[in-house]
Amino acid sequence: MPDIKHFDPDAALETVVRLFWRQGVASTGIQDVVTATGLNRSSLYATFGGKQDLYRAALRRYIESRSQPAFQRLADDARGLPAVTEFFTGLIEARCSGEYAQWGCMISNAHAGAENSDPEVRSMLEQHHRQLRDALQEALLRAEAQGQLAAGTDPSAGADVLATLAYGVNLRSRAGADARELRTAVAAAVASIAGRAATR
């Protein structure tokens, strides 16, 4: 007879996402996963593989369920710079308040930790960065078309700067940075590329 799972793998993976997101790989042992999910080791190994396989699956789920929808909303938003500001406002709110306050971003945490020594993880991080940067560039191209950018502003270079700022927001928030401080930094960055018409 086929093996019948007596648990929901999707719900278990979501629990694991939160565990790795909050603690990182180095600080999370397989016993932590067992305790958090309530599953035994054999069930975990049979469903997901070893700890690194489980981490990769969790990282992939985080990107698909949290990062990509936010990037898509930004890329699809026709407002230009207001869309960029809204993106960062939501980012800061998510990082500094609510259930996930001071957890940072699972992706930024991986960039800064030992997780990125895994080639497959590094590939996911690079793909995530391209998607973030492309969404920001799309918003800046729309801003340029609407006359919102300062003369001489390069949307491509601006997207690079803003993507780097997003990682900074994630890491600083994990260290307990005040939301007002982060909002001030974002406002200054956006103002630096905004034309006069956009700041009126």
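## Thr28, tucked into a loop

Thr28 is buried, and its relative accessible area is just 1%. You'll find Thr28 in the loop between H1 and H2. This is a predicted model, by the way, so keep that in mind as you look around.

What does Thr28 touch? Setting aside neighbours within four places in sequence, Thr28 is in contact with Leu19, Phe20, Gln23, Val33 and Lys51. For a sense of scale, try going from Thr28 to Glu138: they are 110 residues apart in sequence, and their C-alpha atoms sit 37 Å apart in space.

## Helix H2 and its buried side

Now look at helix H2, which covers residues 30-37. Which of the residues in H2 are buried? They are Ile30, Val33, Val34 and Thr37. These residues span an arc of only 100 degrees around the axis, so they lie on the same side of H2. There's a general reason for spacings like this: an α-helix has 3.6 residues a turn, so residues three or four places apart point the same way.

And what do the buried residues of H2 pack against? Their partners are helix H1 (9-23), helix H3 (41-48) and helix H4 (51-76). Once H2 is over, Gly38 follows, with a positive phi near 75 degrees.

## The whole chain

Step back and the picture is helices: the protein chain has 10 of them and 0 strands. The C-alpha atoms fill a box of roughly 70 × 35 × 30 Å along the principal axes. The chain has 200 residues, and 44% of them count as buried.

Take the contacts in the chain with a separation of 6 or more: 72% of them come from residues 24 or more positions apart. As for the outside, the accessible surface is about 10,200 Å², and carbon and sulfur atoms account for 51% of that. The chain carries 22 positive and 23 negative charges, and the mean positions of these two sets are 4 Å apart.

## Two nonpolar cores

In soluble globular proteins, nonpolar side chains tend to be buried together. Here, the largest nonpolar core has 33 residues. Which of them touch the most other members? That would be Leu81, Phe87, Phe88, Leu132, Leu136, Leu140 and Leu162. At least two residues of this core come from each of H4, helix H5 (81-96), helix H7 (119-145), H8 and helix H9 (179-193).

Phe87 is a handy place to zoom in. Not counting residues up to four places away in sequence, Phe87 touches Ala70, Phe71, Leu74, Leu132 and Leu136. There's also a second, separate core of 31 residues, with Trp103, Met106, Ala110 and Val121 among them.

## Asn170 and Gln102

Is Asn170 buried or exposed? Asn170 is buried, with a relative accessible area of 4%. Asn170 belongs to helix H8, residues 155-174. Leaving out residues up to four places away in sequence, Asn170 touches Leu91, Arg95, Gly104, Cys105 and Ser108.

Gln102 lies in the loop between H5 and helix H6 (106-112). Gln102 counts as partly exposed, at 48% relative accessibility. Its backbone deserves a look too: most residues other than glycine have a negative phi. The phi of Gln102, though, is positive, near 65 degrees, and Gln102 is a residue other than glycine.

Note on methods: Residues numbered from 1 in each chain as written. Predicted model: local features only at pLDDT ≥ 70, side-chain atom pairs only at ≥ 80, totals over all residues. Heavy atoms only, no water. Buried < 20%, exposed > 50% of the residue type's maximum accessible area, 1.4 Å probe, protein only. Helix = DSSP H or I, 4+ residues; strand = E, 2+ residues; numbered from the N terminus. Arc of directions from axis to C-beta. Contact = heavy atoms within 4.5 Å. Areas by Shrake-Rupley, 256 points an atom, 1.4 Å probe, with all protein chains shown as cover. Lys, Arg positive; Asp, Glu negative; His and termini not counted. Charge placed at Lys NZ, Arg CZ, Asp CG, Glu CD. Core = buried A, V, L, I, M, F, W, Y, C linked by side-chain atoms within 4.5 Å.
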